[in-house]
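Colleague: I am new to this entry and would like to talk it through. Could you put it on the screen, please?

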Amino acid sequence: MDSIIKSIVITGASSGIGLSTCELFLQHGYLVFGSVRKNSDASKLKKMFGENFVPLIFDVKDRKNINDSVQIVKDHIGANNLTALINNAGTAILGPLEFLEPIEFHKQLETNLIGVFNCVQAFLPLLGSTSTKQTLKKGRIINISSALGGKIGYPFYGAYCSSKHALEGFSEALRRELTGHKIAVSIIAPGAIQTPIWDKAETSSLKNKYLGTIYQSAYEKMIVDMKKLGVNGLKPEIVSAKIFRAVEAKNPKIRYTFISEFTLNLLYFAPRRLIDKLVMRYLGLT
Ligand SMILES: NC(=O)c1ccc[n+]([C@@H]2O[C@H](COP(=O)([O-])OP(=O)(O)OC[C@H]3O[C@@H](n4cnc5c(N)ncnc54)[C@H](OP(=O)(O)O)[C@@H]3O)[C@@H](O)[C@H]2O)c1
């Protein structure tokens, strides 16, 4: 009988939540396939994590490279199913929707949404969608959304929120479709986490473009707040621990989040016009 290998593929392993998730699963004896975009990150992580870590090199926008990586994973896990695919890679591109370049908006959706679609299609057979072996446990899919970005639209996060709202709809449809294959789909929806994503967002967003527009001062206020997210947020290890729970739980939850249910319900279900007023007053958007 083949020995059972527990294994995950996690996208966006170079930093933040991805990096800390690799570490946690390795500690628990998993074979971890972490995707990075740069060869230098692949070598760095391999050196850091050792033999149970296998770097995969792809951009989630590139289906050809993703498919090459599927073959690498297949060669390692043999007849086993992949235990989980964790779609974590993501970016934040910020700016008023009125002025955001079409290319920026597309890039946001291509990374945070279509990238997930690409990986799901590519790795589904390894999760057991085509397996005829009844004895093999099916794999799981975990999609990293955002507690607020996935449910609430916030000024200047329009592209990011569009991608995460869409990811929530995608995940719900996928979860229902894949029940036939017994492949569970969960969403992990973090609040603010201490990772480099917010610093990267500031540099990749063309903030000078908004100078002199009606958005300038509100945009600047949002940037100040955003920088605090990376400093005051929760540690990425807290997210990794939830991801681990979602992979190991007998009956994984549909959506894991980190903000109290009460606060979330208040935000999700409060009258939209009231939230509009509060947000506009807070940002000085009149
Ligand atoms: N941090 C938060 O407060 C927060 C809150 C809610 C949700 N999230 C979500 O958590 C996930 C992880 O983000 P993080 O906070 O850990 O940020 P991070 O440290 O910046 O990590 C993002 C990872 O995604 C990779 N990546 C970006 N674009 C990619 C692409 N096109 N193809 C492949 N990989 C790509 C990055 O690789 P490179 O190093 O090559 O750029 C990096 O490894 C994201 O989906 C994010 O939206 C974060």
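Colleague: How do α4 and α5 lie to each other, roughly parallel or roughly antiparallel?

Modeller: α4 and α5 are roughly parallel, because angles under 35 degrees count as roughly parallel, over 145 as roughly antiparallel, 65 to 115 as roughly perpendicular and the rest as oblique. Helix α5 covers residues 158-177, and the two helices pack at an angle of about 20° with their axes 9 Å apart. Axes are lines fitted to C-alpha atoms, for helices over the stretch in contact, and angles run from 0 to 180 degrees between N-to-C directions. Please note that this is a predicted model: local features need pLDDT of at least 70, side-chain atom pairs count only at pLDDT 80 or more, and totals for chains, interfaces and linings use all residues. Residues are numbered from 1 along each chain as its sequence is written.

Colleague: Which residues of α4 and α5 meet?

Modeller: Among them are Phe105, Leu109 and Phe117 in α4, and Tyr160, Leu167 and Phe170 in α5; contact means C-beta atoms, placed from the backbone, within 7 Å. By class, this contact has 12 nonpolar, four polar and two charged residues. Ala, Val, Leu, Ile, Met, Phe, Trp, Tyr, Cys and Pro count as nonpolar, Asp, Glu, Lys and Arg as charged, and the others, Gly among them, as polar.

Colleague: What is the hand of the crossing of α4 and α5?

Modeller: The crossing of α4 and α5 is right-handed. A crossing is right-handed if the near helix is turned clockwise from the far one by less than a right angle, and left-handed if anticlockwise.

Colleague: And how do α3 and α4 cross?

Modeller: The axes of α3 (residues 63-77) and α4 come within 10 Å and cross at roughly 25°. That angle makes α3 roughly parallel to α4. Val70 and Val73 of α3 are among the contact residues, as are Ala122 and Phe123 of α4. The contact of α3 with α4 holds seven nonpolar, two polar and two charged residues.

Colleague: At what angle do α1 and α8 pack?

Modeller: α1 and α8 (residues 236-248) pack at about 55°, with axes 8 Å apart. This makes α1 oblique to α8. Their crossing is right-handed. Residues of α1 including Gly16, Ile17 and Leu24 meet residues of α8 including Val239, Ile243 and Phe244.

Colleague: Turning to the ligand, which residues come nearest?

Modeller: Of the 30 residues around the ligand, Gly12, Gly16, Gly90, Thr195 and Ile197 come nearest; a residue is near if its C-beta atom, placed from the backbone, lies within 6 Å. The elements giving two or more residues to this shell are α1 (16-27), α4 (102-127) and α6 (197-204). α1 gives the most, with three residues.

Colleague: How many of the shell residues are charged?

Modeller: Five are charged, beside 11 nonpolar and 14 polar residues.

Colleague: Finally, how many helices and strands are there in the protein?

Modeller: The protein has 10 helices and seven strands. Helices (H or I, at least four residues) and strands (E, at least two) are DSSP runs, numbered from the N terminus. The C-alpha atoms fill a box of roughly 70 × 40 × 30 Å, taken along the principal axes.

Conventions. Contact = placed C-beta atoms within 7 Å.
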